[in-house]
Each structure stands twice: as structure tokens, then as C-alpha cells.
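Work through the exercises below with the sequence and the 3D structure at hand. Try each task before reading its solution.

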Amino acid sequence: MGSDGQETAGPEIFSEVGPGSNIAFFFDSDHDHREVLTRFMAEGVQRGEKIIYLTRTREPGEIHDYLRRYHCPIRSGQLQVLDPPEFTSSEAIELAAQVTATFEQELARARAEGFHGLRITSDYSMAAGLQEKSRLRFKKAIHDYFAQSGDCILLCQYDLRICDPAILLDMLFTHSQVLYRGACFPNYYYASLEMETESVDDARLNKLMACLENLARRRSAEEKGHKNLTSLAEAQRIAHLGNFEWDLRCDICLYSEETFRILGVPSRGDESGPPLILKMIHPDDKPRVRAVVDESLRTKTPLEVDFRIVRPDGSVREIFSRAQISCQSGGRAVRLVGTIQDVTESRQVEREIKLRARQQAVIAELGQKALAGGHLDALIETSVATVAETLQVDFCQVLEYLPREDLFLMRAGYGWHEQNGDRGTFAIDRSLHEGRALFAGGRPIIIGELAGDASAPALARFLSDHRVVNGASLAISGQGNPFGVLGVYSRKEYHFSQEDLVFLQSVANVLAVALERERADREIQKLAYYDSLTGLPNRTLLSDRLAQAVSRAGRDSKEVAVMFLDLDRFKTINDTLGHTVGDQLLRIVADRLQGCLRRSDTVARIGGDEFVVILSSLDQEEDIPQVAQKILHELAQGVMLEEHEIFTSASIGIAVFPVDGEETGTLLRHADIAMYQAKERGKNTYQFFSHEMNRKAIDRLMLENSLRKGLKRDQFFLLYQPQLDLRSGRMVGVEALVRWNHPQLGVLSPDRFIPVAEESGLILNLGAWVLRTACAQAQQWRREGYPPLRIAVNLSSRQFSHPAFIDMLDHILEETGFDPASLELELTESIIMEEPEFAIMTLTDIKVRGISLAIDDFGTGYSSLSYLKHFPFDRLKVAQSFVHDVTSDTDNAAIVDAVIAVAQSLNIKVIAEGVETRKQLDFLYARQCDEVQGFYFGRPIPAEKLVELLREGFVLKEVCPFDPSDE
């Protein structure tokens, strides 16, 4: 580091620094100062050491900012910025004593908190107001003290611009290492340097720098000689290798100094009594070591053995020993010469390497299983067992988070069998380690760090119940909410290293991938097999469920009922109140259907307002009507949706396996047919399938196909039935009646094909053709000079409610040139009353164009006379069923009397259809009915036949009960 702008050395310049090492560094700018401080502290964080910064000039936030640039994962309490105590003396030595006392307290606290050591730096001496030389004495006193400490690393800062080089050079000998311009200089040397004590100029700085850079090569001859004399002892010390010689004849051992150090006992010179090593062997290892020694003595062969020793201070060390036997000429063993090596650290490193390799292998294996898409529960069970065995802890568990219920579900546990046999759900305590880990943002929660927390009583109960000493919990992350928590627990003292936590996080990440994959698979399955609106099975899953139900019923000689359900008048609700309300209603219907069924039954939504119910494994068909009636009753209950009370009903068709079919497709089709039969019977009811229904359905399907072809091949034609005025006897209008010249079935009347056209939607094209043809024909008659006639055309419900009906009507009138005043449109009561508000608007649109309106088959629908005043009708047609028995049925006669009277009071004309006898005609004439039509005057005839009547000036003539000349 220096002022030359080069990149300063990273934390690797401290890589050789260990506990008990002091460091001095020199800097030329404030930037260099901050850089080295930051890297020095970052290295300590990475090594798990506690950082003490003694300052009165810097804030804690500033120090934290230094470390953020290296993204250091700082543990709780790892960095401590201390405001030193007020000093009571300006003497450097006394002040140093106060500061070292503070450091001693922090070192004790750091050990208790589980840190590997203490790393210290300070800018306090300058803040204390000491003079330059006093500051150096202050620092030297602190360095001398901590140079003897095995758990501290101390960084001292010097500035060549303000320090006396002579004093500074003298200070170097208190440091283990010197850092200057990014280079490291070990302090194994003696240097003599003559420098003035005045201010340092550039030449002197260069001279000092040159001295520093060559100090390593300037060693005295005395040092070299001493090194030669002590090289063997130094080598043994470095290698942690001692030697011994055991005289078997007198049972006396000779030990090297390093052997005493390894055994942790004071040196007794080279001589000792009976073998000290054998006394210190760990009790568990003594039988094995004795057996190895005895075997070596018996066979006169070299020995190699690993064992543990227990030092006097109670610490346990791992030892590796090699020895050879020396024998007399007679073959008697007289001496055992060998070495002992303290391999504690190296074996620990080996174990750590093996452990990390094992952890990596575990993560790779679990990752492969997760990506393979196997059974998730098996993967989680394997994971908890493998983690517990790898870390050698007692317990491991995976808790799944249920956010809706705010509960934990124990998904898998290892080692909990005695304490926690119930793997159900339990409430989340956010003050405990598991709850904290769930919402800690991926940060692991160590139980040992919570001992002094407010949750201590609850935590203490947990630890006591399971005899746990320490543990770690961390969240299994997920999109949105975490999936759960992975936790490990130990009944013995256990320190969770950074590598352990990384391993646990990696396992949690693997589980997160597997859980995310399971969640994605569930979503895909839900989209593939379930209806997105109601959550019910869709058509695909329905087919599978029905196939399984049929298969089981076939084996067990049971029955299966298939109910095809369609809501009545759902379209009206959807169009009137909107699709949002319609969707809410469908969800409510789905819930009510599920509430009516057993868990073994299935209800599915297959589209729109259509549902299918499967009643599986029935013993007798008599149970089916009870379920159907229950469904109808539940659906009939009102429901409030957006301030509207809605009542709905349904039509249900039922097909039974095996009576009505043995194939799933056949059963569904037959239930659908029965549902349409239920609708034709008046809706809000159920209907069992019969083979007669099937025949009719097939005929209807064939008729629909023929109908499509008939429209394209011009197979339809119109007949016209005269409508006569009972006052003048003259023909005032005709009703256009459609017929179908079917190529195989002959001429078909409307009652054969109009219902099919309504259901299939073909009525729109057919109705437009009828209206266009009738208007064009009437216009043709008018061009030929015949008196204008009113043309009456029937409208279907689908035509009237279609959004483009008015546009279509305008287009036909414009295309044919027909006078709207001569057109009359006939509607039934049911069409009008389905949607009264919509009907009023449409009828008004028709009336403003000058078109007449008539109610067809009055009395057969809602039979309400009161609504007549709300609709702009011009004509009321008395239903043929009433006219047919008007002379023999007093009730029908009374109805006709009432209808005519009410219509006249509302200034609405009355036309009676279906007049077939003279008595009927006389009755109607006597009641002052306005118009009539029926077979009594002739059947519907083609256009060319009607021309003949027009040419003759057709009137009632002789069948008229009055003189037609009287007007």
C-alpha cells in the first residue's frame, strides 16, 4: 500500500497472521489507513474472531460501512466499537495498563461467546493527547503485553510523516510482522540504524524504506549460529514431534523437550521415571495401545499406533507414535526408541476435510434426487436422516409452513420418535427459534445465542423437554412465503461452524427446489385436471374418476349413477347482473353440490353452468332420487350477491351403470339426454334416462344435421293462412307459416323442426329467411296491384333476445322495400316474461318503426292479463286450445269472454285462431271478436293459391252469419 496509486493488498496479506501475532504497518495517506484497517477486520470476521476497535473519534456505523464493501457475514456481537475509559494519567505506561485491562475483559467475553480469538486495533493513543514519544511508549507497553497472549492479534498503525524513525525502528522488535507498501517482513533479525531524531525528510524516508526491505537478509552471525544449534529442536517444535527412549531393563524413559511440551507437563530434563506416556493415555484407548506394544515386543517388529492422551489440565490431544525395538544378541528386547507427534490439529483438519467432502457429496446426492422428481416425502425423510448422520447431531426435522392456518406441520423428523411421535400440526411460536427462523430472511437461528433472550423461559422448556444443548434452525425459502424450517439439535456441546451453516443452507436450498417443483407440479395438475373457477374436477379428471368408478362397480357388482346437471335460466342471471355475479353463483353452486355428496362421490364442472355428479358404489337405484331431491332443495335456497337475492334451480338427467350403459361416454351422453328431457318437463326436476329418450335424441341429432343442409339447399317454403275481419268479412292479413320439404321425410310442420332449430341456434338463420321471404312476397303482391295485406310472422325467443335482431330487421325491410306498417310480429307470453325489462326496450324499438305487435297463444303461458297494459301490443291471439272447446267447455268459454272484454277495454284487437266450425264462429261473432283464422276458412296455402283468392276478392260469403255488405 502506498501513495503510488497501486491496488493495496487484500486480506491475503494477513494470511500468515495467527493468534499471538502483532503487526505494524506504515501508511502515506488516510485512504491507505482505511484500506488496511478494513481488510484487517474483514480477515478477522472470516476467521470467526471478535473485532475490538478502541476509538473516541469514529462511530460504529462508520466501522460497519468499512466491512460492507467485503460483504462480510458478521455474527451477532462479532464487531465491538469501544469508547475507552477516561484515563486518569497522562503517563503512557499507566494509561497502557488501563487499556490492557479493558482488553482482558473483552478477551474473556469473546472466549465465552465462542469466538476463536480477539483481533484488536485502536486510534486511541492519539485521542488521549499523548506526545509522540509517549504514544510510542504507550503502544510498546501494550504490544509487550499481548505478544505473550495466544488468543490476540494486534494491529498497530504508524505514520512515517510524524514518527521519529529511530524510535520507530526500535519499536519494530515488538512485532511479529511488518507491513510496508503491501510487502510483509518477518521480524527475525537485528538491525542497527543511525538516524537523527529531527523531522524526517524524503531522503531519510527512502533510507528507512531501504533498510526495511533488506532487514530479512541482515542477520548477525550469532543468530545464524544459534539457529544451527537449535535447528533440530525448532524443527521438532514446528512439526510437533518429540522423541523418547525407553530402557526396558530399568523401566526409565528419556524424553526430549518437545515431548514434555506435547504431554503438557513441566520439563524434567531428559530423564524421567517409568513411562509417563502410558499413564496419560485416554482410558478408552489404553487396552488397544497395550495390545499393540505387547505384540511389537513379542514379535520384535516396529510399531505404529494412534491414541489420545489426557493432559493434566484435562485437555485431550491426539497422538501418533512410531517406535522400534532394540534387542541384545540373545534376542531379548532391551530398548524401545521412538517418536510421538501431536497430530490433533492435522487430524482435525483431515476430519474437517472429510466432513466437508461428505457434506458436498450429500448435497450432490440430494440435488440429484430432487431433480429426478422422485417422491418428495421420501426425499425429505432421506434428507433429515442424512443431515443428522453427517453432522453427528441427535435430531433433525423439517417443518412445513401452512400460511392459511398459521401452523407448522412436521413433515419429517429424525431422532424424535420417543419425544415427538405425533407428527401433526402445531401453532407457531414466533418467539422461539423455529418461528424466528421462518421469518429471519434466510439467517440461521442458533439456539445457543438465544439464551439471554426474552423467550428464555419457553426456550428453556423446549431444551429441557428434549434434553437439547444446542441447535440451529433456518428457513426453507420459497416464492412468496417460505416453505418451512430445517432444524438440527444436539444433546451435547456443539459449535456450528460457518461451514456447517453453509451445509445446512445448501440442504435447505435443495429442499426448496424440490418443494417448488412439487408446488409447480400441483399447479400444473390443477390447471390440467381442475376447473379454475370452482376448483372442481374438470372434464378430463371427470372421465378418469368415472372410469375408475365404473371399473370398481363392475368388479363389486355395484351401480354407479351419473347426474348431468344444468342450471335453469343461468343465462338470464349472467346477462342481467353480469359475469362477476354469475361466477360467484357458480362457486356457491359448486360448494352446495359438494355438501350434498359423500366423500367417495365426485362433482365436476364441465363448462358454463353444466355440472356432472358421480354417485359411486351404490347398492340400489332407490337411493338416487333422494340425492337428486336433496340437490334440488339445496340449490333452491336463495343467496345474496351484490345486494341481489338470487334464486336458482336446476334440471338433472340421470343415467345408471350398467342399466343405461357400460361405457363412460355412453353414460354421460345418456345423462345429458335425460337432462334435456327434464328441461322439457318444466325444469327444476330430475329425469331418469330411457331408451325412448335415446331414440328421440338420435332422431333429433339427425334432424339437426338435415336442418343445416336444408337451409343451404333451399328446402324450406312458406304457406299463408288468411286472417279475416268478422265485421266486414274481408281478408285483412295472412300469417306466414314455414314448412320443410325434407328429401326423405316429406313435408314437415314447424312443431317437428322448430324446437331443434331453437336448441342448435339455427333458428336465427331460419327466422331471418322466413321474415325476408314473407316481406318480399307481400311486396311482390303489392307491386302486382293487389290490396295491401298485413303479414304476420312468428318470432322465436332466440331471435327476439339476440343483440343484432333490430339491425337484422332494419336490413330486411330496407332490402325488400316492404312497408313496416303492414308487418306484424308475433311473440309468445314466455318470450316477453323471461326478461320483462329487456322485452319492453326491444318492443319499443319495434313499435317506433311502425311495426305491429301481437301476442301469440295468449292464455297458455303466464296467463296474466295485468301485464298487457305495460307492453305496446296491437293484437291479442286467443290460443287455439281455448277456441277448440269454446262451445262445449264453460270454463274455456268464460276465459275467451274475459280475454275479449279485457282486450277491448285496453283498445287491443282480438284474433281467434283455430276456428274450425260454424258454432265456434257464431260464438266469437256474438262476443264481438275482431278477427279469426282457421281451417273453417281454409288451410294454409302457397303464395300462388293465395293470389287466386286475392284476385276473386275473397270474403266470408255464405259461411258468414251476417251480410258482408253491411259495414
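The exercises go from a sheet to its helices, then to other pairings and the cores.

The model is predicted, so local features need pLDDT of at least 70 and side-chain atom pairs count only at pLDDT 80 or more, while totals for chains, interfaces and linings use all residues. Residues are numbered from 1 along each chain as its sequence is written, and side-chain values use heavy atoms, with hydrogens and water left out.

**Exercise 1. The open sheet**

Task: Find the strand order of the open sheet of 5 strands, and name its edge strands.

Solution. Step 1: helices (H or I, at least four residues) and strands (E, at least two) are DSSP runs, numbered from the N terminus. Two strands pair if DSSP finds at least two bridges between them.
Step 2: the order is 21-22-20-25-26, and the pairing is mixed.
Step 3: strand 21 (602–607) and strand 26 (686–688) are the edges, since each is listed as pairing on one side only.
Step 4: from one strand to the next, the twist averages 20 degrees. Such angles run from 0 to 180 degrees between N-to-C directions, with axes as lines fitted to C-alpha atoms, for helices over the stretch in contact.

**Exercise 2. Strand 20**

Task: Which strands pair with strand 20 (residues 559–567), and is strand 20 buried or exposed?

Solution. Step 1: strand 20 runs antiparallel to strand 25 (residues 650–657), with 8 bridges between them. Along this pairing, F564 has G653 as its bridge partner, and V562 stands opposite A655.
Step 2: strand 20 also runs antiparallel to strand 22, joined by 7 bridges. Here A561 is partnered by L615.
Step 3: in a regular strand the side chains alternate between the two faces of the sheet. In strand 20, E559, A561, M563, L565 and L567 point one way, and V560, V562, F564 and D566 point the other way.
Step 4: buried means under 20% relative accessible area, exposed over 50%, and partly exposed in between (1.4 Å probe, protein chains only). Because 9 of the 9 residues of strand 20 are buried, the strand is largely enclosed by the rest of the structure.

**Exercise 3. Helices on the sheet**

Task: Describe how helix 19 and helix 21 lie relative to the strands.

Solution. Step 1: contact means heavy atoms within 4.5 Å.
Step 2: helix 19 lies across strand 20, strand 21 and strand 22 (610–618), and runs at about 10 degrees to strand 22.
Step 3: helix 21 (residues 664–680) packs on the sheet and touches strand 20, strand 22, strand 25 and strand 26. The direction of helix 21 makes about 145 degrees with that of strand 25.

**Exercise 4. Two helix pairs**

Task: Classify the crossing of helix 18 with helix 19, and that of helix 13 with helix 16.

Solution. Step 1: angles under 35 degrees count as roughly parallel, over 145 as roughly antiparallel, 65 to 115 as roughly perpendicular and the rest as oblique.
Step 2: the axes of helix 18 (residues 570–577) and helix 19 (residues 579–595) come within 6 Å and cross at roughly 140 degrees. The two helices are therefore oblique to each other.
Step 3: F570, I573, N574 and L577 of helix 18 meet H579, V581, G582, L585 and L586 of helix 19.
Step 4: G578, which follows helix 18, has a positive phi near 100 degrees.
Step 5: for helix 13 (residues 376–391) and helix 16 (residues 498–529), the axes come within 11 Å and cross at roughly 175 degrees. That makes helix 13 roughly antiparallel to helix 16.
Step 6: among the residues in this contact are L376 and L379 of helix 13 and F503 and L504 of helix 16.

**Exercise 5. Strand 8**

Task: How many bridges join strand 8 to strand 13, and how many join strand 8 to strand 9?

Solution. Step 1: strand 8 (residues 241–247) pairs with strand 13 (residues 333–342) over 7 bridges in the antiparallel sense. G242 stands opposite I340 there.
Step 2: 4 bridges join strand 8 to strand 9 (residues 252–255), also antiparallel. F244 stands opposite Y255.

**Exercise 6. The cores**

Task: Which residues have the most contacts inside the largest nonpolar core?

Solution. Step 1: a nonpolar core is a set of buried Ala, Val, Leu, Ile, Met, Phe, Trp, Tyr and Cys residues joined through side-chain atoms within 4.5 Å.
Step 2: the largest such core has 79 residues, and W781, L823 and L825 have the most contacts inside it. Helix 24 (residues 763–783) gives the most to this core, with 8 residues.
Step 3: a second, separate core of 34 residues includes F570, I646, A650 and V656.
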